[in-house]
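Morning, everyone. Please bring up the sequence and the model, and we'll walk through a few spots together.

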Number of protein chains: 2
Amino acid sequence: MREYKKRSRVLLIDDNAEHLRGVKELITLESSYDVAGATTNANIGINLAKKYRPDIILMDINMPEKDGLQAIQELEKLDIGVKVIALSAYDDADLIFRAMKIGAKGYVLKTMASAQLIYAMDEVTSGKVYLPTALTSRFFEYFQRSFKNEANNSQEENLLTYLTAREEEVLDLLTQGNNYKGIAGKLFISETTVKTHVNNIFQKLQVNDRTQAVLYALNNGFANRRHTKMAV
Amino acid sequence: MREYKKRSRVLLIDDNAEHLRGVKELITLESSYDVAGATTNANIGINLAKKYRPDIILMDINMPEKDGLQAIQELEKLDIGVKVIALSAYDDADLIFRAMKIGAKGYVLKTMASAQLIYAMDEVTSGKVYLPTALTSRFFEYFQRSFKNEANNSQEENLLTYLTAREEEVLDLLTQGNNYKGIAGKLFISETTVKTHVNNIFQKLQVNDRTQAVLYALNNGFANRRHTKMAV
DNA sequence: GAATTCATCAATCCAAAGATGTAGGACAAA
DNA sequence: TTTGTCCTACATCTTTGGATTGATGAATTC
């Protein structure tokens with residue numbers, strides 16, 4: 001018994017009414033959590049979350065109409081401190097990755113034992129992020145693959161290396177959405193000079209216009225060296 | 001006994017000679033792994049790896065001279081299929097993240113029970129990625145925090161939601177570097193129609209030209225759901 | 001059935017972007 | 001000193017992009 005501590009409240013969102021009922025029963029009977037609400041509709045679920053402020057939400061992410069991932073994202077944006085555990089029928093690395101990326105505190109397969117779900121809830125309640133070992137492994141396969149590709153890309157040959165320092169400056173300003181005038185103003189040079197630079201950049205990057213140049217820059221680890229792209 | 005299967009070979013790299021000896025003994029006595037080599041020097045370790053092709057490397061990443069992380073990176077570049085498990089005294093989220101990012105197949109604390117280390121080796125040998133639960137949680141704290149900052153930027157309001165389906169298609173093609181003609185051709189509509197859509201997009205996204213529209217799209221989780229920038 | 005919304009297309013006009021060629025001065029390397 | 005690279009700058013010309021207005025049919029909503 002841990003009646004001395006406030007029981008955590010759980011909100012259930014699952015478009016499969018049957019599964020919803022099953023989980024509700026499971027939690028009611030086999031855990032120390034209170035079910036604060038249960039719905040088959042994601043939008044209603046979000047509103048319930050706003051209203052009742054549950055500690056945890058179990059969110060089915062395989063819903064046809066409203067995407068569960070999107071719902072998680074909206075909940076995170078609300079910033080009401082609710083911890084979302086994604087429930088899914090699939091162990092797709094991609095799905096797991098996206099769920100965790102947008103802030104899910106856990107990811108549990110529907111096929112997993114009920115004890116696992118309750119354990120996940122316990123861990124998440126205590127402030128941790130919980131992923132079953134098997135899913136962790138899948139997650140990292142995806143995670144590492146996405147960085148590996150990146151390494152390979154930069155290995156091939158980065159046309160950006162052919163740019164002069166000045167051209168890099170210009171390209172940097174291009175990637176911030178500046179036009180010729182804006183760049184000229186910021187670099188204290190004439191607009192025609194900027195045009196010259198930009199044309200040289202096009203030649204070196206083998207592109208036809210500024211949009212393509214910007215895209216090339218962003219996709220090849222340009223500038224914002226603080227950021228690394230990542231497949232999602 | 002599983003003498004029927006080829007015993008996996010392990011290479012140990014740890015600048016702490018004492019710890020190195022301890023691990024070696026542990027593996028020799030309490031596991032079914034063979035120690036293919038052991039060294040206190042990362043560079044020598046890399047050479048040993050090239051020479052003896054171990055299945056697994058246990059790499060201390062808290063070494064003063066040569067950074068263990070860098071060593072892992074070099075090993076990954078060699079692409080000899082060796083699986084590296086990072087050994088560390090610290091459970092810094094940052095360290096864990098970086099180790100996993102560059103391709104470590106596991107991360108185990110030196111303070112953890114020896115059984116945990118051997119379990120990690122088993123998991124990694126079987127092709128999985130292994131992180132102890134506690135470290136997984138830390139990893140995800142870091143992981144999610146880095147995405148959260150990103151999300152906050154778009155927290156204000158995502159103008160992309162105002163786009164119609166068709167406009168999204170057009171914007172998607174814009175983010176691939178297409179000009180009017182290219183988009184018209186791909187959508188089988190006239191160029192003027194594309195112009196109309198693009199203009200509407202500009203209005204909705206409150207930008208002045210296609211480059212800014214593309215940048216807005218990329219920075220606000222548009223389509224291109226394949227790529228997301230990430231602080232590293 | 002009226003009102004909206006959306007996708008489609010067009011004409012016009014002006015601004016911006018892009019292509020091309022030329023050229024001078026600074027600077028560094030050969 | 002010469003050669004080469006880079007940054008600067010301009011002129012000219014063509015193409016593309018962008019703003020604005022208006023119009024039609026289809027689908028949806030009220």
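Start with B:T136, which is buried, at a relative accessible area of 2%. Buried means under 20% relative accessible area, exposed over 50%, partly exposed in between, with a 1.4 Å probe and protein chains only. A word on the source: this is a predicted model, where local features need pLDDT of at least 70, side-chain atom pairs count only at pLDDT 80 or more, and totals for chains, interfaces and linings use all residues. Residues are numbered from 1 along each chain as its sequence is written, chains are lettered from A and ligands numbered from 1 in the order written, and side-chain values use heavy atoms, leaving out hydrogens and water.

Back to B:T136. It is in helix α6 of chain B, residues 133-153. Helices are DSSP runs of H or I, at least four residues, and strands are runs of E, at least two, numbered from the N terminus. What does B:T136 touch, leaving aside residues up to four places away in sequence? A:L131, A:T136 and B:L131. Touching, or contact, means heavy atoms within 4.5 Å.

Next, B:T39. It sits in strand β2 of chain B, residues 34-39. B:T39 is buried too, with a relative accessible area of 9%. A polar atom of its side chain lies 3.0 Å from the backbone nitrogen of B:N41.

Now the DNA. Strand C is surrounded by 17 residues, and B:T164 and B:R166 are among the closest. From a phosphate oxygen of strand C, a side-chain N or O atom of B:T164 is 2.7 Å away. For B:R166, a polar side-chain atom is 2.7 Å from a phosphate oxygen of the strand.

Definitions and conventions
A polar contact is a pair of N or O atoms within 3.5 Å; within protein, one must be able to donate a hydrogen and the other to accept it, and residues adjacent in sequence count only if both atoms are side-chain atoms. A residue is near a molecule or strand if one of its heavy atoms lies within 4 Å of it.
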